[in-house]
Amino acid sequence: MAFSVNTNAGAMAALQSLNATNKSMNTVQSRINTGLNVASTKDDSAKYTVAQTLRGDLGKLSAVTSSLNNAKSVTDTAVAGAEQISDILNQMKSKSAEAEDAGLDVESRKAISKDLSALKKQIGTIIAGSDFNGTNLLKDGATAPAVDGTVSA
C-alpha cells in the first residue's frame with residue numbers, strides 16, 4: 001500500500017518544518033536586502049508604523065543639520081573676515097602711533113601714510129572677499145572707508 005505525503009505523518013512534519021524554514025529564510029532575506037528589521041506591514045504593522053514615523057523624523061533632522069551647517073559656514077566666513085580686519089586695524093593703530101613721533105622726517109611720514117592707504121585697501125579687499133553663497137555679512141548695509149580718506153557706501 002502506497003502512502004501519500006498527506007497521510008504520512010513523518011513526511012507531513014518534515015513539510016511543515018520546511019515551510020517554516022522557508023518563511024524564516026524569506027524574512028531574513030528581506031531584512032538583508034532592505035537593511036530594515038521591519039520592511040513592510042506584513043512583518044509587523046505596529047512596528048512598521050513606528051519605524052516609518054522615525055524615518056520621517058530622521059529626514060527632518062537631516063534637513064535641520066544641513067541648514068545649521070550652512071549657517072555655520074556663513075558665520076565662519078564673516079568671523080574670519082572680521083578677525084583679519086581686526087588684525088589690520090591693530091597694524092594701522094601701530095602705524096598711527098609711529099607717525100605721531102616728532103622726530104620723523106617728511107619722507108618717513110609719507111611712507112607711513114602709504115602703508116596706511118595700503119592697509120585700507122586691504123580692508124576693502126577682505127570685505128569684498130567675505131562672500132558666501134551671495135551673502136556678504138561684512139559689506140551689506142555697512143560703509144567702507146575709501147582709499148582717499150572719505151567714507152563711501
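A salt bridge is a side-chain nitrogen of Lys or Arg within 4 Å of a carboxyl oxygen of Asp or Glu. Keep that cut-off in mind as you work through this predicted model.

**Exercise 1.** Decide what joins the side chains of Asp115 and Lys95, and find which helices they come from.

*Solution.*
- Step 1: The N to O distance for Asp115 and Lys95 is 3.0 Å. The cut-off is 4 Å, so the pair forms a salt bridge.
- Step 2: Asp115 belongs to helix 3 and Lys95 to helix 2, so this salt bridge ties together parts that are 20 residues apart in sequence.
- Step 3: Now look at the surface. Asp115 has 32% relative accessibility and counts as partly exposed; Lys95, at 24%, is partly exposed too.

**Exercise 2.** Work out how Lys60 and Asp57 are placed along helix 2.

*Solution.*
- Step 1: Lys60 and Asp57 form a salt bridge, with their closest N and O atoms 3.8 Å apart.
- Step 2: These two residues are 3 residues apart in helix 2, so about one helical turn separates them.
- Step 3: Lys60 counts as exposed at 55% relative accessibility, because exposed means over 50%. Asp57, at 32%, counts as partly exposed.

**Exercise 3.** Find which helix gives the most to the largest nonpolar core.

*Solution.*
- Step 1: This core has 10 residues, among them Ile85, Met92, Leu116 and Leu138.
- Step 2: Helix 2 (45-99) and helix 3 (106-129) each supply at least two of its residues.
- Step 3: Helix 3 gives the most, with 6 residues.
- Step 4: For a closer look, pick Ile85: its contacts include Ile123 and Leu138.

Methods:
Residues numbered from 1 in each chain as written. Predicted model: local features only at pLDDT ≥ 70, side-chain atom pairs only at ≥ 80, totals over all residues. Heavy atoms only, no water. Core = buried A, V, L, I, M, F, W, Y, C linked by side-chain atoms within 4.5 Å. Buried < 20%, exposed > 50% of the residue type's maximum accessible area, 1.4 Å probe, protein only. Helix = DSSP H or I, 4+ residues; strand = E, 2+ residues; numbered from the N terminus. Contact = heavy atoms within 4.5 Å. Lists of a residue's contacts leave out its neighbours within four places in sequence.
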